[in-house]
Amino acid sequence: MEWPSCMLPYLQVRTPKDVIDQFSHIQTVIALTFNRLHSENARQSLAHNTTATSKLARNTHKMVKYLFWISAGLCLSLATVVGFLPEFSDNEVKDAKSDRYELYPACATLLRSQVNVEMHASLVYMNMAAHFDQNGIARKGFAKLFRKNSEEEREHAQKFIDYLNLRGSKFTQFNVDMPDKTSWINALEALNEAIVLEKEVYNQLNHIHDIAEAHCKDSHLMDFLEREYFEEQIESIDQFIRHASILGSMSENALGEYLYDLQLQELKY
């Protein structure tokens with residue numbers, strides 16, 4: 001739809017103050033319009049002829065139409081400020097870059113940070129694997145499970161580095177938080193901590209996805225996260241919850257943990 005020239009000022013409204021200013025302007029225009037209409041009616045009523053009556057009708061229709069557009073302008077102004085019509089607001093673009101190939105700086109920074117998050121998770125699982133593989137505990141099945149997850153998290157970190165390179169950016173340096181725990185009372189405690197860790201990683205991935213959508217306007221990055229990470233992350237959380245549920249039903253029975261460990265040893269990853 002093509003807006004008439006009288007509507008153009010209202011399409012430029014950006015803040016509540018602009019709305020107040022435009023509303024005051026509209027009040028003035030409406031008052032002047034009614035004064036013009038009243039004066040025209042008074043003049044035409046003195047003529048008492050068919051031509052004058054016809055002209056009066058045309059003028060009245062013109063004034064009503066003009067008032068309609070003014071009212072629509074006020075509604076449009078209010079809607080733009082509260083965000084109902086983002087297509088009319090240039091500010092909604094969120095500083096999108098003209099070069100869509102290169103990563104937006106905010107998203108590149110988040111991806112570099114996520115490399116460290118993935119490496120931290122990998123080290124946590126590596127610690128768990130080392131703990132359960134020692135000869136004083138001898139839970140090779142759980143050691144195998146956590147070692148597999150450690151490798152996956154390291155692969156995730158490498159994927160982010162590769163993606164940074166693919167999009168014309170680069171990974172600068174590692175700043176990984178070292179795990180502060182090296183032993184666990186039993187396998188159930190380790191599984192519950194793994195669930196918390198996986199959810200933290202998943203939430204961080206969702207945060208990057210949200211920023212890519214709202215700020216960076218990067219559809220390719222969003223697709224990359226959805227394709228390479230989300231499904232696998234959900235499956236990993238589900239896997240750990242199922243392991244913890246089975247062990248939890250055994251009431252921390254050492255024999256039950258031993259038998260379940262034997263099952264894990266036989267799994268092929």
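These exercises work through a helix, a disulfide and a nonpolar core in a predicted model.

**Exercise 1. Check the length of helix H5 against its residue count.**

Step 1. Helix H5 covers residues 187-214, which is 28 residues.
Step 2. Allow 1.5 Å a residue, counting one less than the number of residues. The expected span is 40 Å.
Step 3. Compare with the model: the end C-alpha atoms of H5 are 41 Å apart, so the two values agree.
Step 4. Look at the start of H5. There, a side-chain oxygen of Asn186 comes within 3.2 Å of the backbone nitrogen of Leu188.

**Exercise 2. Find the disulfide and work out its handedness.**

Step 1. The structure has 1 disulfide. Its partners are Cys107 and Cys216, with sulfur atoms 2.1 Å apart. The cut-off is 2.5 Å.
Step 2. Place the partners. Cys107 lies in helix H3, and Cys216 in the loop between H5 and H6. They are 109 residues apart, so the pair links distant parts of the chain.
Step 3. Read the torsion about the S-S bond of Cys107 and Cys216. It is about 110°, so the disulfide is right-handed.
Step 4. Check exposure: both Cys107 and Cys216 are buried.

**Exercise 3. Describe the largest nonpolar core.**

Step 1. This core has 49 residues. Phe142, Phe146, Leu221 and Leu225 touch the most other members.
Step 2. Find the helices involved. H3, H4, H5, H6 and H7 each supply at least two residues of this core. H3 gives the most, with 12 residues.
Step 3. Zoom in on Leu221. Beyond its neighbours within four places in sequence, Leu221 contacts Leu103, Cys107, Leu111, Tyr163, Arg167 and Ala212.

Terms used. Residues numbered from 1 in each chain as written. Predicted model: local features only at pLDDT ≥ 70, side-chain atom pairs only at ≥ 80, totals over all residues. Heavy atoms only, no water. Helix = DSSP H or I, 4+ residues; strand = E, 2+ residues; numbered from the N terminus. Polar contact = N/O pair within 3.5 Å; in protein donor to acceptor, adjacent residues only side chain to side chain. Core = buried A, V, L, I, M, F, W, Y, C linked by side-chain atoms within 4.5 Å. Buried < 20%, exposed > 50% of the residue type's maximum accessible area, 1.4 Å probe, protein only. Contact = heavy atoms within 4.5 Å.
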